[in-house]
Amino acid sequence: MAAEVSQSWRDSYKGMSSDNIKGLVLALSSSFFIGASFIVKKKGLKKAGASGIRAGAGGYSYLYEPLWWVGMITMIVGEIANFAAYAFAPAILVTPLGALSIIISAVLAHIILREKLHLFGILGCALCVVGSTTIVLHAPQEREIESVTEVWDLATEPAFLLYAALVMTAVFILIFHFIPQYGQTHIMVYIGVCSLVGSLSVMSVKALGIALKLTLSGMNQLMYPQTWAFTLVVITCVITQMNYLNKALDTFNTAVVSPIYFVMFTSLTILASVIMFKDWDRQSPTQIVTEMCGFVTILSGTFLLHRTKDMADGSSTSMALRLSKHMEEDGFVSEGIPLRRQDSSRLP
């Protein structure tokens with residue numbers, strides 16, 4: 001019986017290429033490091049706040065706390081692993097697995113920080129695991145690319161150029177028309193900019209990762225101007241993305257920003273990858289539908305985990321589908337449940 005089960009598992013993974021497996025391992029490692037980094041940083045912030053001015057009160061004593069720096073280094077390692085994962089596996093596999101960092105953070109917070117993980121939060125974690133497993137088992141094979149110029153050719157095809165043009169047009173409209181009027185009252189404005197620009201940044205990160213992978217394997221890609229063009233796009237997009245994400249986090253409740261941003265960013269990244277790398281051309285309709293079901297399952301788990309992460313056990317019947325109090329990561333200042341943050345000390 002055990003031999004039959006083992007054979008069944010081998011058959012399930014027969015379709016995964018070695019590159020996909022490498023990308024999967026790197027993505028899982030990234031989620032672990034990033035999820036753990038939040039806990040280590042929070043421990044460091046608490047320790048620093050006990051002997052100095054807390055971060056939420058404008059203090060920077062955490063910069064002298066070694067534990068906080070351990071958390072920062074852990075996060076950097078996770079981001080490097082995530083960067084490397086895009087060089088081996090398609091974005092449709094790597095990007096949704098980012099939800100696992102939320103699970104790891106929630107579980108470690110429950111164990112280490114004694115922050116209660118509600119029953120619905122456990123269900124949300126389970127949904128994320130099920131959805132991630134579904135995507136992993138049905139992810140498309142990574143496209144064989146032998147030069148960064150091939151990636152450039154894919155990026156300059158009419159379909160992706162049209163997508164990029166629509167994205168940039170939407171971003172400029174949001175920045176110059178909607179943000180001045182609605183940025184402080186409508187959460188989708190800031191998140192829209194972050195998600196749209198983020199989809200282009202991931203495509204550039206993937207191109208740059210492929211270039212570095214080929215260079216390390218002996219085929220120098222640094223001599224091609226396309227490599228440096230992708231690098232410039234990555235830097236520009238990441239700076240823009242982080243700028244408006246910080247504005248969103250400063251203006252609105254983090255518990256609302258995080259799941260909405262994850263949904264929009266992941267959806268647009270998958271769309272951009274499908275257009276540029278033609279991931280679905282190598283798959284059957286059944287595989288595509290299964291991947292989408294897995295993606296929706298991850299989204300459901302992410303929303304459920306965020307919406308119920310601070311619920312008390314006795315309030316499950318009345319609070320199952322609404323936001324509870326939110327504990328800010330760096331400041332540890334409780335916020336109320338309104339969508340808009342009520343912070344009188346925040347600069348206009």
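I take buried to mean under 20% relative accessible area. With that cut-off, I find that 46% of the 348 residues in the protein chain count as buried.

**Entry 1: the model as a whole**

A reminder to myself that this is a predicted model. I looked up the confidence before anything else. The mean pLDDT of the protein chain is 81, and 82% of its residues reach 70 or more. I counted elements too, and the chain has 13 helices and 2 strands. Which elements mark the two ends of the confidence range? Helix 8 has the highest mean pLDDT, 95, and strand 2, residues 334-335, has the lowest, 37.

I then went to residues 312-348, where pLDDT stays under 50. The model does have 75 contacts there beyond four places in sequence. Where pLDDT is low, the predicted coordinates should not be read in detail, so I leave those contacts as a count.

For the chain's contacts between residues at least 6 apart in sequence, I noted that 79% join residues at least 24 apart.

**Entry 2: helix 8 and the second largest pocket**

I turned to helix 8 next, which spans 158-182. Its axis has a kink of about 40°, centred on Leu-174. Leu-174 is also on my list of buried residues in this helix, along with Phe-160, Tyr-163, Ala-164, Val-167, Val-171, Ile-175 and Ile-179.

The second largest pocket holds about 400 Å³ of space. I find 21 residues lining this pocket, and those closest to its centre are Ala-164, Leu-200, Ser-204, Val-233 and Cys-237. Helices 7 (148-155), 8, 9 (187-216) and 10 (225-251) each give two or more residues to the lining. Which of them gives the most? That is helix 8, with 7 residues. Ala-164 thus turns up twice in my notes, as a buried residue of helix 8 and as one of the residues closest to the pocket centre.

What classes of residue line the pocket? I count 17 nonpolar and 4 polar residues, with no charged ones.

**Entry 3: Asp-153**

Helix 7 also holds Asp-153. Is Asp-153 buried or partly exposed? I get a relative accessible area of 47%, so Asp-153 is partly exposed. I checked its spacing to Gln-226 as well: the two are 73 residues apart in sequence, with 9.9 Å from C-alpha to C-alpha.

**Entry 4: Pro-96 and Ser-132**

Pro-96 sits in the loop between helix 4 (91-94) and helix 5 (100-112). Its relative accessible area is 1%, under the 20% cut-off, so I log Pro-96 as buried. Setting aside residues up to four places away in sequence, I see Pro-96 touching Ala-91, Ile-135, Phe-262, Thr-266, Ile-270 and Ile-298. Thr-266 is 170 residues from Pro-96 along the chain, yet their C-alpha atoms are separated by 6.4 Å.

I found Ser-132 in helix 6, residues 119-138. Why do I call Ser-132 buried? Its relative accessible area is 4%, which is under 20%, so the label follows. Beyond its neighbours within four places, Ser-132 is in contact with Leu-97, Leu-100 and Ile-298. Ile-298 is on the contact list of Pro-96 and on that of Ser-132.

**Entry 5: Lys-278**

My last stop was Lys-278, in the loop between helix 11 (254-277) and helix 12 (285-307). I noted its phi, near 55°, as a positive value in a residue other than glycine. Lys-278 has a relative accessible area of 22%, so I list Lys-278 as partly exposed.

Conventions:
Residues are numbered from 1 along each chain as its sequence is written. This is a predicted model: local features need pLDDT of at least 70, side-chain atom pairs count only at pLDDT 80 or more; totals for chains, interfaces and linings use all residues. Side-chain values use heavy atoms; hydrogens and water are left out. On a 1 Å grid over the protein atoms alone, a cavity is a set of points where a 1.4 Å probe fits but cannot get out, and a pocket is an open set with protein on both sides within 12 Å along at least five of seven lines; lining residues have an atom within 4 Å of a point. Grid points are joined across faces, edges and corners, and a volume is the space filled by probe spheres set on the points. Helices (H or I, at least four residues) and strands (E, at least two) are DSSP runs, numbered from the N terminus. Ala, Val, Leu, Ile, Met, Phe, Trp, Tyr, Cys and Pro count as nonpolar, Asp, Glu, Lys and Arg as charged, and the others, Gly among them, as polar. pLDDT is the predictor's confidence in each residue, from 0 to 100. Contact means heavy atoms within 4.5 Å. The bend at a residue is the angle between axes fitted to the seven residues ending there and the seven starting there. Buried means under 20% relative accessible area, exposed over 50%, partly exposed in between (1.4 Å probe, protein chains only).
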